[in-house]
Amino acid sequence: MTATKMTATKTERAYLDWNATAPLRPQARAAMVAALDAIGNPSSVHAEGREARSIVEAARESVALLVGAEPRHVVFTASGTEANVLALSPQTGGHWQRLLVSAIEHPSVRAGGRFPAVEAVAATACGLVDLADLERRLAQGPAPLVSLMLANNETGAVQPVAEAAALVHAAGGLLHVDAVQAAGRIVCDINALGADLLTLSGHKIGGPKGAGALVKGGPLDLAPLVTGGGQERGQRAGTENVASIAGFGAAAGAAEADLAPESTRMRGLRDRLEAGLRAGTPEVIIFAAEAERLPNTTLFTVPGLKAETAVILFDLEGVAISSGAACSSGKVQPSHVLEAMGVSPQLARGAVRVSLGPATTQDDIERFLTAWITVSGALLERSRGMAA
Ligand code: PLP
């Protein structure tokens, strides 16, 4: 896409679905284009190979810096999903018989990776992992591998990971943290969190789609998911995707540099959006509003709203948002996150997620609020008519 086309798209539409994926940052694009001309294989010893290797290693340093880790502890993968599955093995740094994950995890964690079964830890009504339930389960059997997210992709609720880490370690367990939505939006330091392993995804921070990393808090043996060559210190075979890794590294560097001011700016825009929603529709419900949330995320509904229809109507108004419900095999499933929070299926079906990013402007927020007047008017009138 040319720069002209990008500018035109930007003014014509408001993209407010950054938790689904972020547009490519200019720094990532430039790094990728340059890396495409690196002709060598990073494993080759000649000058061309060494050039490709230096691109990969520079990216590894940037990704490590974003989460306060050592570069040698970063394992590049093809997605956040792959990093989660790589982490979730009974052989990760030991021999685990149990896997505990919270009920609000991403499907790539809820699926349990290479464990035969998963135990779900409850969530509270405000969208946080229930630490009392975690503690109870930790006391019940052999020490487990535990996987918790740092911030929820639907509500944005920031989880009490450091407190959970203390409980998990006291019980002799190991903690994996899915930081895919948190990285680049809030401070995310692997040591301060007490995480043994941490997952990142390139495309959520303005890198390319199809690049991820599993980061280790210290020396720890992984059970490779992809076996063969000795790439990534023997933990992920296959010639590295040099251009994607370069883009991921550049995005991580840019996200790190802008973190504090961007986080404050996004919070201001998000708060303006929520104030506008409340002013226009006093009956609006903002999920997990009592919890600390990512500065860029709002998940809301109004009784009677149908999220699938709202998403289509917003799209027609030039605003890209998403519904809280997952659509798989053509069937809309109510959100497992809202279900775990005890939200009724009727209300959950109306959950709409708006997520902002570094390129979001005040105009985008105003455009959303103007569209909301049209969308809510049309939808709520229809649902009230049907109820009458
Ligand atoms: N974990 C969370 C919390 C996510 O939101 C996502 C993607 O939406 C993933 C993991 C998967 O990342 P990827 O799209 O890179 O596979």
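In this predicted model, T199 is in contact with a set of residues from several parts of the chain: leaving aside its neighbours within four places in sequence, the partners are G80, A83, N84, H176, V177, D178, A179, V180, A213 and L214. The residue itself lies in strand β7, which covers residues 197-201. T199 counts as buried because its relative accessible area is 0%, against a cut-off of under 20%. One of its contacts is polar in character: the side chain of T199 meets the side chain of H176 at 2.7 Å.

H176 leads to the next element, since strand β6 spans residues 174-178. Strand β6 pairs with β5 in the parallel sense, and five bridges join the two. Within this pairing, V146 stands opposite L175 of β6. Between the two strands the chain passes through helix α7, residues 161-170, and the resulting β-α-β crossover is right-handed.

Strand β5 also pairs with β3, residues 99-102, again in the parallel sense, here over three bridges. L100 has V146 of β5 as its bridge partner. V146 is thus named in both pairings, facing L100 in one and L175 in the other.

How are the residues of β5 arranged with respect to direction and burial? The side formed by L145, S147 and M149 points one way, while V146 and L148 point the other way, and all are buried. Accordingly, strand β5, residues 145-149, is mostly covered, with five of its five residues buried.

The cysteines offer a separate point of inspection. A disulfide is a covalent bond between the sulfur atoms of two cysteines. The structure holds zero disulfides. C126 has a relative accessible area of 22% and is therefore classed as partly exposed, whereas C188, at 4%, is classed as buried.

The wider setting of these elements is the whole protein chain, which contains 14 helices and 15 strands. Its C-alpha trace spans about 70 × 60 × 40 Å along the principal axes. For 388 residues, a compact globule would have a radius of gyration near 21 Å; the protein chain has 21 Å, so the value agrees with that expectation. Of the 388 residues, 53% are buried. Among contacts with a separation of 6 or more, 71% join residues 24 or more positions apart.

Methods:
Residues numbered from 1 in each chain as written. Predicted model: local features only at pLDDT ≥ 70, side-chain atom pairs only at ≥ 80, totals over all residues. Heavy atoms only, no water. Helix = DSSP H or I, 4+ residues; strand = E, 2+ residues; numbered from the N terminus. Buried < 20%, exposed > 50% of the residue type's maximum accessible area, 1.4 Å probe, protein only. Polar contact = N/O pair within 3.5 Å; in protein donor to acceptor, adjacent residues only side chain to side chain. Contact = heavy atoms within 4.5 Å. Pairing = 2+ DSSP bridges. Right-handed = clockwise from strand over helix to strand, strands pointing away. Disulfide = S-S within 2.5 Å. Rg over C-alpha atoms; globule rule 2.2 N^0.38 Å.
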